[in-house]
Amino acid sequence: MRAYTNYTTYKSSYPAEVQKKLDQMRAIIKKAAPKAEEVISYSMPAFKQNGILVYFAAQSKHIGFYPTASGIKAFQKEFEGYTYSKGAVQFPYDKPLPVGLITKMVKFRVAEDKAKLKTKSAK
């Protein structure tokens, strides 16, 4: 696994058609979480506020989207037609990215992150 230092170096290691999907995913996340900081974590692009909100990564036939287990559990009923596990959902390259679903998942994680911070602050 290569150690990437930023999104540009990460994306440059993939073919143009994959880069386009990565850029789309990145733009959706940035719009849904405008205050989030873009980082590389576990050699994948990720966005964080107080903690990591979501990760995403290029795979051989899909973009893997990792909104943590809670993000998957909250939306799994909307994953018809997609392969998913307890921590990830796969968006195939040959289908358009589900912008609305990704946006809802990111906003869910932002709200969850804020609630977690409030709980920590209250202690």
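Q: How many residues lie in the hairpin that joins β3 to β4?

A: The hairpin joins β3 to β4 through 3 residues. This is a predicted model, in which local features need pLDDT of at least 70 and side-chain atom pairs count only at pLDDT 80 or more, while totals for chains, interfaces and linings use all residues. Residues are numbered from 1 along each chain as its sequence is written, and side-chain values use heavy atoms, with hydrogens and water left out.

Q: How many helices and strands does the protein chain have, and in what order do the elements run?

A: Helices (H or I, at least four residues) and strands (E, at least two) are DSSP runs, numbered from the N terminus. In the protein chain there are 4 helices and 5 strands. Read from the N terminus, the order of the elements is α-α-β-β-β-β-α-β-α.

Q: Which radius of gyration does the protein chain have, and what would a compact globule have?

A: The radius of gyration is taken over C-alpha atoms, and the globule rule is 2.2 Å times the number of residues to the power 0.38. For 123 residues, the rule gives a radius near 14 Å for a compact globule, and the protein chain agrees because its own value is 14 Å. The C-alpha trace spans about 45 × 35 × 25 Å along its principal axes.

Q: What percentage of the residues of the protein chain count as buried?

A: Buried means under 20% relative accessible area, exposed over 50%, and partly exposed in between (1.4 Å probe, protein chains only). Of the 123 residues of the protein chain, 41% count as buried. Accessible areas come from the Shrake-Rupley method with a 1.4 Å probe, and for residues only the protein chains shown count as cover. The protein chain exposes about 7,400 Å², and carbon and sulfur atoms supply 55% of that area.

Q: In which sense do β2 and β3 run, and over how many bridges are they joined?

A: Two strands pair if DSSP finds at least two bridges between them. Strands β2 and β3 run antiparallel and are joined by 3 bridges. One pair of bridge partners is alanine 46 and tyrosine 55, the latter in β3. A hairpin is formed by β2 and β3, with 3 residues between them.

Q: Which strands continue the pairing beyond β3?

A: Strand β3 pairs with β4 in the antiparallel sense over 4 bridges, and phenylalanine 56 stands opposite phenylalanine 65 in β4. Strand β4 (residues 62-66) in turn pairs with β5, also antiparallel, over 4 bridges. Here glycine 64 stands opposite glutamine 90 in β5.

Q: Which side chains of β5 are buried, and which are not?

A: In a regular strand the side chains alternate between the two faces of the sheet. Strand β5 (residues 89-92) shows this alternation. Val89 and Phe91 point to one face and are buried, whereas Gln90 and Pro92 point to the other and are not.

Q: How many residues of β3 are buried?

A: In β3, 6 of the 7 residues are buried, so the strand is largely enclosed by the rest of the structure. Alanine 58 lies in this strand and counts as buried because its relative accessibility is 6%.

Q: Which residues does alanine 58 touch?

A: Contact means heavy atoms within 4.5 Å. Not counting residues up to four places away in sequence, alanine 58 touches Tyr10, Tyr14, Val18, Leu22, Ile63 and Tyr93. Alanine 58 and valine 18 are 40 residues apart in sequence, yet 7.2 Å apart in space, C-alpha to C-alpha. In the protein chain, among contacts between residues at least 6 apart in sequence, 50% join residues at least 24 apart.

Q: Where is asparagine 50 placed, and which residues is it in contact with?

A: Asparagine 50 is in the loop between β2 (44-48) and β3 (52-58). With 48% relative accessibility, this residue counts as partly exposed. Leaving aside neighbours within four places in sequence, asparagine 50 is in contact with Asp113 and Leu117. Asparagine 50 and aspartate 113 are 63 residues apart in sequence and 6.6 Å apart in space, C-alpha to C-alpha.

Q: Which phi value does tyrosine 42 have?

A: Tyrosine 42 has a positive phi of about 55 degrees although it is not a glycine. The residue is found in the loop between β1 and β2 and is exposed, with a relative accessible area of 65%. Serine 43 is also placed in the loop between β1 and β2, and its phi is near 60 degrees, a positive value in a residue other than glycine.
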